[in-house]
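User: I'd like a close look at one small part of this protein, and then a sense of how it fits into the whole. Please take me through it step by step.

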Amino acid sequence: MAEEPVNVNEFRELARQALPKMYFDFYAGGAEDQYTLKQNEEAFARIIIQPRILRDVSSIDLSTTVLGFNISMPIMIAPTSMHKLANPAGEIATARAASACNTIMVLSTSSTCSLEEVASCCTAIRFFQLYVYKRRDISAKLVHRAEHNGYKAIVLTADSPRLGRREADVKNKLIVPQLKNLEGLLSTTFASDGGSGLEALAKGTIDASLCWEDIRWLKSITNLPILIKGVLTHEDAIKALEVGVSGIIVSNHGARQLDYSPATISVLEEVVDAVKGKIPVFLDGGVRRGTDVFKAMALGAQAVLVGRPVIYGLAAKGEYGVRRVLEMLKDELELTMALSGCSSLKEITRSHVRTKHDHQL
Ligand code: FNR
C-alpha cells in the first residue's frame with residue numbers, strides 16, 4: 001500500500017508512479033513551453049495573506065451556495081476528460097467522491113463513463129461541460145440528455161476552437177478511446193496521423209466558428225443556467241454579461257490551450273471588477289492548497305474548481321483518493337481561515353491579501 005500523502009502535491013508523485021507515461025503526461029502536461037502551466041501555481045505563491053488576530057474562530061463555516069445549490073465548501077470538481085485512463089471506475093468514482101464531500105462535479109463532455117451512468121450513481125449536484133461540435137445537433141443532444149438526467153447547469157468551454165499543442169501527447173502518440181457520451185453519435189477513435197489522437201479528434205469535430213452570438217442558440221435549446229468557462233479579460237467578462245450567462249469561470253484550461261496566457265489568479269480581480277457582482281465568478285487553474293482557495297476568495301471568487309488534483313487522487317487511490325484530495329483542500333482552507341481570523345467565507349475580504357503589482361503576477 002502506497003504511503004499516505006499529507007498534501008495534494010504528494011498525490012501527483014503517487015499518480016506518476018501509478019500511471020503509464022502516456023497517461024501521466026496527458027494529465028499533467030500543458031501547452032508548448034508550459035510557461036502558463038508553471039505560472040498558474042507560481043502566481044498564487046506571490047500573493048501574501050494578511051491575517052487578523054483575536055477574532056473568535058472557535059467554529060468555522062465553509063459552506064456556500066453555487067447557483068443556489070448548497071455545498072459544503074467553495075471547492076468544486078473541474079471538468080476533466082477520460083477518467084478511466086486513471087482508474088477503471090472512471091468518472092463514477094469521481095462522482096461518488098463528490099457526493100461524499102457534498103460538492104459539485106462538472107462532468108466533461110469527453111468522459112469515459114456516460115452522463116447517464118454518472119447520474120445514476122451519485123447524489124452530488126452535477127453540472128455538464130459542453131463542447132460545441134461542427135455537428136451542432138450532437139451538442140444539442142448532449143444538452144438535452146444532461147437536462148433530462150438532472151444536471152443543473154451547462155458549462156460552455158469557450159477557450160478551445162482548436163486544441164492547444166501539448167507536445168508530450170504528440171510525442172507519445174496519445175490514443176483516445178471511444179468517449180462514452182458520443183457513442184453512436186461520433187467516433188472518437190480517430191486514426192491519429194502519428195501524433196496526438198486528441199488533436200486529430202478536435203481538428204475533425206470541434207466547431208471553430210463558435211462565437212458570442214451562439215449563446216443565443218444555446219439558450220434557445222435549454223432552460224439550464226449557462227456558465228462560460230475560459231474568460232481571462234475584462235472585455236470578455238463584459239461580453240459574457242451582455243449575452244446573459246449565469247456565471248463566469250476564469251480559466252486557461254489548466255494551461256493546456258494558449259501558452260503565455262495569464263495565470264488565472266492574476267486576472268481574477270479584473271474579471272470580478274468588470275461584472276460588478278451581477279453574476280458569480282469562479283476560478284480554476286493551479287489551486288493546490290487551502291491557502292490558494294483563500295486567496296481566490298479574497299480576490300472575489302465565489303468558489304474554485306480543481307482539475308489535476310482530482311485526477312491525481314483518482315489515479316493514486318481511486319474514489320478514496322479523490323475524497324482525500326477534496327478533504328485535504330477543505331481542511332487546509334479551514335485552517336487558513338482560522339489563522340487569518342475568518343469564521344465564515346463572507347469574512348474573507350480583499351484586505352486579507354496583498355498582491356505585488358510591482359512584479360508580474
Ligand atoms: C482538462 N480541462 C478540461 N476542460 C474542459 O472544459 N473540458 C475538458 O474535457 C477538459 N479536460 C481536461 C483534461 C485534463 C487532463 C486536464 C488537466 C484539464 C481543464 C479543466 O477543466 C480545468 O480548467 C483545469 O484542469 C484547471 O487547472 P488545474 O486545477 O488542473 O491546475
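Is Lys276 buried or exposed, and how many other C-beta atoms lie within 10 Å?

Analyst: Happy to walk you through it. Keep in mind from the start that this is a predicted model. Lys276 is exposed, because 10 other C-beta atoms lie within 10 Å of its own and a residue with 12 or fewer counts as exposed.

Let's place that residue first. Lys276 sits in the loop that runs from helix 11 (264-275) to strand 10 (281-284). Its backbone deserves a look too: phi of Lys276 is near 50°, a positive value in a residue that is not glycine.

Leu54 makes a useful companion here. Its phi is near 55°, again positive in a residue other than glycine. Leu54 belongs to the loop between strand 1 (48-49) and strand 2 (64-66). With 6 other C-beta atoms within 10 Å, Leu54 is exposed.

Now follow the chain back from Lys276 into the interior. Ile248 is part of strand 9 (residues 247-250). Ile248 is buried, since 25 other C-beta atoms lie within 10 Å and the cut-off for burial is 20 or more. Beyond its neighbours up to four places away in sequence, Ile248 touches residues including Val271, Val275, Ile279, Val281 and Phe282. Earlier in the chain, its partners include Leu227, Ile228, Val231, Ala237 and Ala240. As for distance, the C-alpha atoms of Ile248 and Asp331 are 26 Å apart, with their positions 83 residues apart along the chain.

Leu299 gives another view of this region. Leu299 lies in the loop between helix 12 (290-298) and strand 11 (303-306). Although it is in a loop, Leu299 is buried, with 24 other C-beta atoms within 10 Å. Setting aside neighbours within four places in sequence, Leu299 is in contact with Leu268, Glu269, Val272, Arg350 and Val353. Its separation from Ser114 is 36 Å, C-alpha to C-alpha, over 185 residues of sequence.

Ile248 also leads us to the core. In the largest nonpolar core, which has 110 residues, Ile104, Ile248, Val250 and Val304 touch the most other members. Helix 13 (residues 308-340) supplies the largest share of this core, 13 residues. Ile104 has a long contact list of its own: leaving out residues up to four places away, it includes Val66, Phe69, Ile71, Met76, Ala124 and Phe127. In soluble globular proteins, nonpolar side chains tend to be buried together.

Helix 13 also holds Glu332. Glu332 is partly exposed, with 19 other C-beta atoms within 10 Å. Away from its sequence neighbours, Glu332 touches Arg289, Gly290 and Thr291. Measuring from C-alpha to C-alpha in the model, Glu332 and Asp284 are 17 Å apart, with a sequence separation of 48 residues.

From there we can move to the ligand. The ligand is surrounded by 23 residues, and the closest are Ser108, Thr157, Gly254, Gly307 and Arg308. That shell divides into 13 polar, six nonpolar and four charged residues. Arg308 turns up again in the contacts of Tyr27, which also touches Ala86 and Ile311 once residues up to four places away are left out. Tyr27 lies in helix 2 (residues 21-28) and is buried, with 23 other C-beta atoms within 10 Å. Tyr27 and Ala316 are 289 residues apart in sequence, yet 13 Å apart in space, C-alpha to C-alpha.

Finally, here is the wider setting. The protein chain has 13 helices and twelve strands, and buried residues make up 52% of its 361 residues. Its radius of gyration is 19 Å, which agrees with the value near 21 Å for a compact globule with that number of residues. Of the contacts with a separation of 6 or more, 71% join residues 24 or more positions apart. The chain averages a pLDDT of 96, and 97% of residues score at least 70. For the complex, the predictor gives an ipTM of 1.00 and a pTM of 0.97.

Technical notes:
Residues are numbered from 1 along each chain as its sequence is written. This is a predicted model: local features need pLDDT of at least 70, side-chain atom pairs count only at pLDDT 80 or more; totals for chains, interfaces and linings use all residues. A residue is near a molecule or strand if its C-beta atom, placed from the backbone, lies within 6 Å of it. Ala, Val, Leu, Ile, Met, Phe, Trp, Tyr, Cys and Pro count as nonpolar, Asp, Glu, Lys and Arg as charged, and the others, Gly among them, as polar. Helices (H or I, at least four residues) and strands (E, at least two) are DSSP runs, numbered from the N terminus. The radius of gyration is taken over C-alpha atoms; the globule rule is 2.2 Å times the number of residues to the power 0.38. Two residues are in contact if their C-beta atoms, placed from the backbone, lie within 7 Å. pLDDT is the predictor's confidence in each residue, from 0 to 100. A nonpolar core is a set of buried Ala, Val, Leu, Ile, Met, Phe, Trp, Tyr and Cys residues joined through C-beta atoms within 7 Å.
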